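Biologist: Can we walk through this structure together? I'd like to start with the aromatic rings.
Modeller: Sure, let me put it up.

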Amino acid sequence: MAVDLRRTRSLVATAAAVLAAAALSACGSADADQAAAPAPTSAAPSSAVTPSSAVTPSSAAPSSAATPRSAATPIKGKLRGYGTVRQLSEAADLVVRGEVEADGFRVDEVLRAAAGSTVRAGARITLASLPSGVPDAAHMSTLEAGQVVVLYLAKDPTAPTFRTLSGDFGVFDVSGTGTEAVAVTRSQAMAVSGLLTEDPAASGHGFRTTLGELRTVAAQVR
């Protein structure tokens, strides 16, 4: 059987053209798929908070934070109470017997004086009232001219004046003369209840003793 060479060459050329077209088509499809794929993005999301927008310690603190206020002025408390004549004698800068005058106090006897005191019998001293603002001051009695008393006094460190210890606690009214003269606390409520030891049963009822006993207790204190 004879083969027609011209026809054969024509079929081969046609097949080659078909294969070439198929190859070009495949390449074009791959390029198109690659172009259609999304471009890679950065790992960090675009809405992530950056360090510059993070809250700093200074902005975390409230801007309206209150500044410390200055300490309030302390309120003055009540006066110290005394339970015995010995306590009064130990606390006093000066223990004297004498008479209240219109412009001061005449000292007739010094029962006790702290070291360095220059007050002697016959001297006249100035008495001062309690400091303003002391709640108990309104309940204190008033020393009036002509009254004979024994006073337990505290000296003012900034002025030449004296003040009775805790108001009425430091005042004994004296009646009579000599060692057996009666000495009674000015107040019943603001008063000692014993000479050397307290007597709970007598508390709040005033205290009665003698001038001689006040002298004895004062002499025991150094």
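Modeller: A definition to begin with. Rings of Phe, Tyr and Trp pair if their centres lie within 6.5 Å. Planes under 30 degrees apart count as stacked, over 60 as edge-to-face and the rest as tilted. Also keep in mind that this is a predicted model.

Biologist: Okay, how many aromatic pairs does the structure hold?
Modeller: The structure holds two aromatic pairs.

Biologist: What kind of pair do Tyr 82 and Phe 169 make?
Modeller: Their ring centres are 6.1 Å apart and their planes meet at 65°, so the pair is edge-to-face.

Biologist: Where do Tyr 82 and Phe 169 sit in the chain?
Modeller: Tyr 82 is in the loop between α2 and α3. Phe 169 is in the loop between β5 and β6. The two are 87 residues apart, and the pair links distant parts of the chain.

Biologist: Are Tyr 82 and Phe 169 buried or exposed?
Modeller: Tyr 82 is buried, and Phe 169 is buried too.

Biologist: And what about Tyr 152 and Phe 172?
Modeller: They form a tilted aromatic pair. The distance is 5.8 Å centre to centre, with 55° between the planes. Tyr 152 lies in strand β4 and Phe 172 in strand β6, so this pair ties together parts that are 20 residues apart in sequence. Both Tyr 152 and Phe 172 are buried.

Biologist: Let's zoom out. How many helices and strands does the protein chain have?
Modeller: Four helices and eight strands. Along the sequence, the pattern is α-α-α-β-β-β-β-β-β-β-β-α.

Biologist: How much of the protein chain is buried?
Modeller: The protein chain has 222 residues, and 29% of them count as buried. About 14,600 Å² of the chain is exposed, with 58% of that supplied by carbon and sulfur atoms.

Biologist: What about contacts between residues at least 6 apart in sequence?
Modeller: Of those contacts in the protein chain, 56% join residues at least 24 apart.

Biologist: Give me one residue in strand β4 to look at.
Modeller: Try Leu 153, which lies in strand β4. Its relative accessibility is 0%, so Leu 153 counts as buried.

Biologist: What does Leu 153 touch?
Modeller: Setting aside residues up to four places away in sequence, its contacts include Ala 92, Leu 94, Val 96, Ile 125, Leu 127 and Phe 162. The C-alpha atom of Leu 153 is also 9.2 Å from that of Ser 166, which is 13 residues away along the chain.

Biologist: What's odd about the phi of Ser 166?
Modeller: Ser 166 has a positive phi of about 50°, although it is not a glycine. Ser 166 lies in the loop between β5 and β6. With a relative accessible area of 11%, Ser 166 is buried, because buried means under 20%.

Biologist: And Val 95, where is that?
Modeller: Val 95 is in strand β1. Its relative accessibility is 0%, so Val 95 counts as buried. Val 95 and Leu 111 are 16 residues apart in sequence, but 5.3 Å apart in space, C-alpha to C-alpha. Beyond four places in sequence, the contacts of Val 95 include Leu 111, Val 150 and Tyr 152.

Biologist: New topic, pockets. How much space lies in the largest pocket?
Modeller: About 400 Å³. It is lined by 22 residues. Ala 128, Ser 129, Leu 130, Ser 141 and Leu 143 lie nearest its centre.

Biologist: Which elements give two or more residues to the lining of the largest pocket?
Modeller: They are β1, β3 and β5. β5 gives the most, with three residues.

Biologist: What is the mix of residues in that lining?
Modeller: The lining has ten nonpolar, seven polar and five charged residues.

Biologist: Back to Ser 141. Where does it sit?
Modeller: Ser 141 is in the loop between β3 and β4. At 33% relative accessibility, Ser 141 counts as partly exposed. Outside its neighbours within four places in sequence, Ser 141 is in contact with Asp 168 and Arg 186. Ser 141 and Asp 168 are 27 residues apart along the chain, and their C-alpha atoms are separated by 6.8 Å.

Biologist: Last one. What is Arg 120 in contact with?
Modeller: Val 107 and Val 110, leaving aside neighbours within four places in sequence. Arg 120 is in the loop between β2 and β3. Arg 120 and Val 107 are 7.2 Å apart, C-alpha to C-alpha, and 13 residues apart in sequence.

Notes: Residues are numbered from 1 along each chain as its sequence is written. This is a predicted model: local features need pLDDT of at least 70, side-chain atom pairs count only at pLDDT 80 or more; totals for chains, interfaces and linings use all residues. Side-chain values use heavy atoms; hydrogens and water are left out. Buried means under 20% relative accessible area, exposed over 50%, partly exposed in between (1.4 Å probe, protein chains only). Contact means heavy atoms within 4.5 Å. Accessible areas come from the Shrake-Rupley method with a 1.4 Å probe; for residues, only the protein chains shown count as cover. On a 1 Å grid over the protein atoms alone, a cavity is a set of points where a 1.4 Å probe fits but cannot get out, and a pocket is an open set with protein on both sides within 12 Å along at least five of seven lines; lining residues have an atom within 4 Å of a point. Grid points are joined across faces, edges and corners, and a volume is the space filled by probe spheres set on the points. Ala, Val, Leu, Ile, Met, Phe, Trp, Tyr, Cys and Pro count as nonpolar, Asp, Glu, Lys and Arg as charged, and the others, Gly among them, as polar. Rings of Phe, Tyr and Trp (its six-membered ring) pair if their centres lie within 6.5 Å; planes under 30 degrees apart count as stacked, over 60 as edge-to-face and the rest as tilted.
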